[in-house]
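Me: Please take one part of this model and look at it closely, namely the places where its pieces meet. I would like a connected account rather than a list.

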Amino acid sequence: MGKKRISYAKWGYIFSIPFVVAFALFTLYPIVYTVFIAFTDLKGAANTTPHLLKDDILKNFKEVLATSQFKQSFGNTWKIWIMNFIPQMGLALLLTAWFTDNRSKIKGQGLFKVAFYMPNIITAATVAIMFNAFFGYPIGPVNDLLIRFHFVDSAQNFLIKKANGQNIVAFIQFWMWFGYTMITLISGVIGIDPSIFEAAEMDGANRVQTFIYVTIPSIRTILLFSLVTSLIGGLNMFDIPLLFLNGGPDNATLTTNVFIYKQAFSGAYLYNRAAAASLIMLCIIVVFSSLLFWLMRDRDAEKAKKLRKQAIKEAKLKAKGVA
Amino acid sequence: MAEVATTKLKKPSAINKRKNPIYMTVIYIVCIILLLLCLMPFWLLLVNATRSSVEIQTHAVSLIPSKYLQNNWKVFQGKDFNVAVGFKNSLIISTCATALAVYFSSLTAYALTAYEWKLRDGFFGFIMGVMMIPGQVTSIGFYQMCYKLHLTNNHLMLILPSIAAPMMVFFMRQYLQASLSIEIVESARVDGANEFFTFNRIVLPIMKPAMATQAIFSFVGSWNNLFTPMILLTKNELKTMPVMVSLLKGDIYRTEYGAIYLGLFLTVLPLIIIYLLLSRYIVAGVALGAVKG
């Protein structure tokens, strides 16, 4: 009589219950409900009884896609993200090249890293209003500096120009995120086998060559990870554009999330349209996050699984052969 | 002969190693400019918080603090912007949310690591799949749900959702897979400990380093969150810090330049203190997240 093996499998289920319940209540149900609202006539401040649309079930989606504001906000979101991402990645790569170069050991790296990451930890809401104050007209630090150093004769009202609004929002995003991207890339470079660099050095590769032909290919995955996470974050841009200029001037910094917020919570109470707009964004984000999921898949585990399957197949074949 | 060979080999790398002074100077100048770009705004907030509106009107940039801090502080009296209330609310919400997120994410990660169960791989795949769904896209349904249940002005709706934090479960699982040996769990079982006790007393202490890192990021994320508190909280005495900050844009402060800077500075002060105390761990945590990801 062997000792009876107790199965602990049920504890796996029991310990997952809190997560599953909380997820179902606070994420899954709201998503399902959002989907439902997108097909209803729900609008108005105190209205909580949605009715499914009878004449045209896709009316809300059609309306959203037809409004010029949504199209504009979608374009703005991409434009601002690209304007922030390219210089951000460029600078992060440059700093990574400098900081990981063992031929020119930079002193004070710890201090630089801590300082460059600092903007990322500060409340975005505060940052937005801070920059709004900095670019203030007629009194603000930027105007003060420009006048003091004789770049301009009189105070400029920067924030009424559309291009300025977008550029500054992109700059704020850049300012908040380049340190994060830099630290991410540096940690990737540190993970590279140092013997590769020694070999490159032996072969007489200079700094630039080493970085372009050895370092960058080795951190491909992390570069893609940064790209996709930044893109998903960029598509959700909200705090800065809302509080910096409230989407203005003339909707120049209206991002899709600000658009959704304004449709639903800021006077209009068009919950159905806002829901439709958020679902359109959700679809786009799902596409990109599945890309990220695919990039981050566990390659070793996948290999092991394949090998195991192969082993089982072979064993079966053998068994058949014997039979 | 052997000696000659080694010197020959060493030569090219020795030349490469010699530092080019112009190149090094450029690097340091760029780094110092960036350093100032990152730190100066906060110094400017602090300095202007102590200056009078008249001083700021003559020159908005100054590096030397003045003595109008108290005057600027008085501007807030009797107004909606209340740092103490915002601080208290944010502290309660962020602390509770972080505690729940860290504990239950560890528990879920433990369920995914220590036990063999049928739906495990599917469940983990699901968590990976929903990891990147941002809160904003569910906001309409979430708001309507809270509104129907009369829970809009309730901090619980900002705290309880953190029980399910997919991203954190993912990181905790990565950590557990590397550091949990199943023998420890088994020996606890032999000693007659039940599974729940084993998790609380044996597994949680092993997870302390991961919990600390995740707690910092969870706390900061919760503290900085603007969207959900802004749509849910309409009562002033319940508002969190970022929602309070948004009040500073109101017309009543239009000419109170010093007060605006003071308000902004007060909202970043707790974060700056946390950051200065924990910056080493935070920077290391960012790097760790990237490598693991």
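Reply: What follows treats the contact between the two chains and then, for a second view, the contact between two domains within one chain. The model is a predicted one, and side-chain atom pairs enter the counts only at pLDDT 80 or more, while the totals for interfaces use all residues.

Between the chains, 98 residues of chain A are in contact with 101 residues of chain B, and the area buried between the two chains is about 9,200 Å², with carbon and sulfur atoms giving 78% of that area. On the side of chain A, the residues that lose the most area to chain B are F15(A), F19(A) and F26(A), which together make up 9% of what that side buries. The largest share of the side of chain A that touches chain B comes from helix α1 of chain A, residues 9-38, which supplies 20 residues. Sorted by class, that side of chain A has 69 nonpolar, 19 polar and 10 charged residues. The rule finds zero salt bridges across the interface of chain A and chain B, whereas 17 residue pairs are in polar contact between these chains, both residues of each pair being at pLDDT 80 or more.

Aromatic rings can be followed across this boundary as well. Over all chains the count comes to 51 aromatic pairs, and among them is the pair of F23(A) and F126(B), which is edge-to-face, with 5.2 Å from centre to centre and 85° between the planes. This pair crosses between chains, joining F23(A) in helix α1 of chain A to F126(B) in helix α6 of chain B, residues 120-130.

Within chain A there is a further boundary to consider, since the chain is divided into domain 1 (16-39 + 48-57) and domain 2 (68-302). The centres of these two domains of chain A, taken over C-alpha atoms, are separated by 32 Å, and four residues of domain 1 are in contact with six residues of domain 2. Together the two domains of chain A bury about 410 Å² between them, 87% of it on carbon and sulfur atoms. T34(A), I37(A) and A38(A) supply 73% of the area that domain 1 buries against domain 2, more than any other three residues. Across this interface within chain A the rule finds zero salt bridges, and it also finds zero residue pairs in polar contact with both residues at pLDDT 80 or more. The side of domain 1 of chain A that touches domain 2 divides into three nonpolar residues, one polar and no charged.

Conventions:
Residues are numbered from 1 along each chain as its sequence is written. Chains are lettered from A and ligands numbered from 1 in the order in which they are written. This is a predicted model: local features need pLDDT of at least 70, side-chain atom pairs count only at pLDDT 80 or more; totals for chains, interfaces and linings use all residues. Side-chain values use heavy atoms; hydrogens and water are left out. Domain bounds come from an automatic or database domain assignment. Contact means heavy atoms within 4.5 Å. Buried area is the accessible area (1.4 Å probe) that two parts lose on being put together, summed over both. A salt bridge is a side-chain nitrogen of Lys or Arg within 4 Å of a carboxyl oxygen of Asp or Glu. A polar contact is a pair of N or O atoms within 3.5 Å; within protein, one must be able to donate a hydrogen and the other to accept it, and residues adjacent in sequence count only if both atoms are side-chain atoms. Ala, Val, Leu, Ile, Met, Phe, Trp, Tyr, Cys and Pro count as nonpolar, Asp, Glu, Lys and Arg as charged, and the others, Gly among them, as polar. Helices (H or I, at least four residues) and strands (E, at least two) are DSSP runs, numbered from the N terminus. Rings of Phe, Tyr and Trp (its six-membered ring) pair if their centres lie within 6.5 Å; planes under 30 degrees apart count as stacked, over 60 as edge-to-face and the rest as tilted.
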